[in-house]
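Trainee: Got a minute to go through this one with me? Let's pull it up first.

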Amino acid sequence: MLNGRYASAASAALLFCALASVARGSEVNIAVVGPMSGSSAAFGAQMRDGAAAAVEALNASSLLLDTKVILSVADDACDPKQAVAVANKLTTERVRLVVGHFCSSSSIPASEIYAEAGIIQVSPGSSNPQLTERGLENVFRICGRDDQQGIVAAEYIHRSFPNDKIAVLDDKSTAGKGIADVVEAQLRRFGEQVIRQSYVAGEKDYRALVSRMKKDRVRVAYIGGYHTEIGLFVRQASEARAGLIVMANDPLMTSEFWAITGSAGNGTLFTFMPDPGRNANAAGVVAELKASNLSAEGYTLYAYAAVQAWAEAVNRTGSFNAARVASALRSRPIDTVIGPVQFDTKGDNAAPGFLVYRWRDGRVEQN
């Protein structure tokens, strides 16, 4: 269901106050959809703040002439059924763009509804390959894909930990299992012997799993999942003195991971796209977000870039028609806060790639 017209009013008001004061000739509706509640709400907040900041800047510019963009915020809680309900509701509101969803398990079923309704969807964080492998012309992702991310992780493990015993774990989710499958397959191609385990998302006690890893003398544990469960696993592994090196996927790019682990998180590895906050092009946006006490970490700037890319495509075509906008998005690179974005024929961003990062004393450093 929709989570109100501007969720988290205390922080969002800082970004949205300018929107109400802009008087223009016409209005167009867009939405940002993600986990505004639940264990992944940190990523929903990143997406919301990034999209809202981009809309504020867009309305203050003259890019879309006499058009005022109205942003709504919707909560799917990373639940596929709720995501479908949200998508169906947005189709009745003449929404032209959906920045979302975050979880691949939500983006994939919702994308079918957006495709039928002629709504552009640009996901900042859904990395499962199936999102863009189904030939839907209006579906895009501005982040990377798990078949890229998983190979980077497997190559790093193979190169950095020769002759160490490796386990690959997943939380049985679309995203977690998907990337764990890629990592396992690539490691086996390298000739590595891999122990494969799964757990259920939402569990809080991983002591039995940690004990099994310790008994099997596992040195490296790759985990495909989300930061809450991975953080608990890391903390409990440290308490058990299991001697594990943990590596995971992109949802570890949030300070909430460190809030769960504390110093036990030191040395935890993960993959993420190049940090756009370090780009000169992003300096002004990052400063504005921080001045409003909002985070610029993780997916914030990717959501901002999703709005930028759509707005430039609308500007190029002079139309909000989804087919024309989709064609313009694929036509040539678009300059955004994360750098040039070039969507290929499937709707994937050709640019981002993945790097390896490490948590160190509450900060993320490129490895």
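Trainee: What distance separates the centres of domain 1 and domain 2?

Mentor: Keep in mind that this is a predicted model. The protein splits into domain 1, residues 26-144 plus 277-341, and domain 2, residues 147-272. Taking the centres over C-alpha atoms, the separation comes out at 29 Å.

Trainee: And how much area do domain 1 and domain 2 bury between them?

Mentor: Start with who touches whom: 19 residues of domain 1 are in contact with 16 residues of domain 2. Of the area buried there, 55% lies on carbon and sulfur atoms. On the domain 1 side, α2 and α4 (104-117) each supply at least two of the residues touching domain 2. The buried total is about 1,300 Å².

Trainee: How many residue pairs are in polar contact across that interface?

Mentor: Salt bridges don't feature, since the count between domain 1 and domain 2 is zero. For polar contacts, both residues have to be at pLDDT 80 or more. With that rule, the number of pairs is four.

Trainee: Over to the strands: which hand does the crossover from β1 to β2 have?

Mentor: β1 (residues 26-34) and β2 (residues 67-75) run parallel, joined by nine bridges. Gly34, for instance, has Asp75 in β2 as its bridge partner. Between the two strands the chain passes through helix α2 (residues 41-60), and this β-α-β crossover is right-handed.

Trainee: Which residue in β3 stands opposite Val32?

Mentor: β1 also runs parallel to β3 (residues 95-100), with five bridges joining them. Opposite Val32, in β3, you'll find Val99.

Notes:
Residues are numbered from 1 along each chain as its sequence is written. This is a predicted model: local features need pLDDT of at least 70, side-chain atom pairs count only at pLDDT 80 or more; totals for chains, interfaces and linings use all residues. Side-chain values use heavy atoms; hydrogens and water are left out. Two strands pair if DSSP finds at least two bridges between them. Helices (H or I, at least four residues) and strands (E, at least two) are DSSP runs, numbered from the N terminus. A crossover is right-handed if, with the strands pointing away from the viewer, the path from the first strand over the helix to the second runs clockwise. Domain bounds come from an automatic or database domain assignment. Contact means heavy atoms within 4.5 Å. Buried area is the accessible area (1.4 Å probe) that two parts lose on being put together, summed over both. A salt bridge is a side-chain nitrogen of Lys or Arg within 4 Å of a carboxyl oxygen of Asp or Glu. A polar contact is a pair of N or O atoms within 3.5 Å; within protein, one must be able to donate a hydrogen and the other to accept it, and residues adjacent in sequence count only if both atoms are side-chain atoms.
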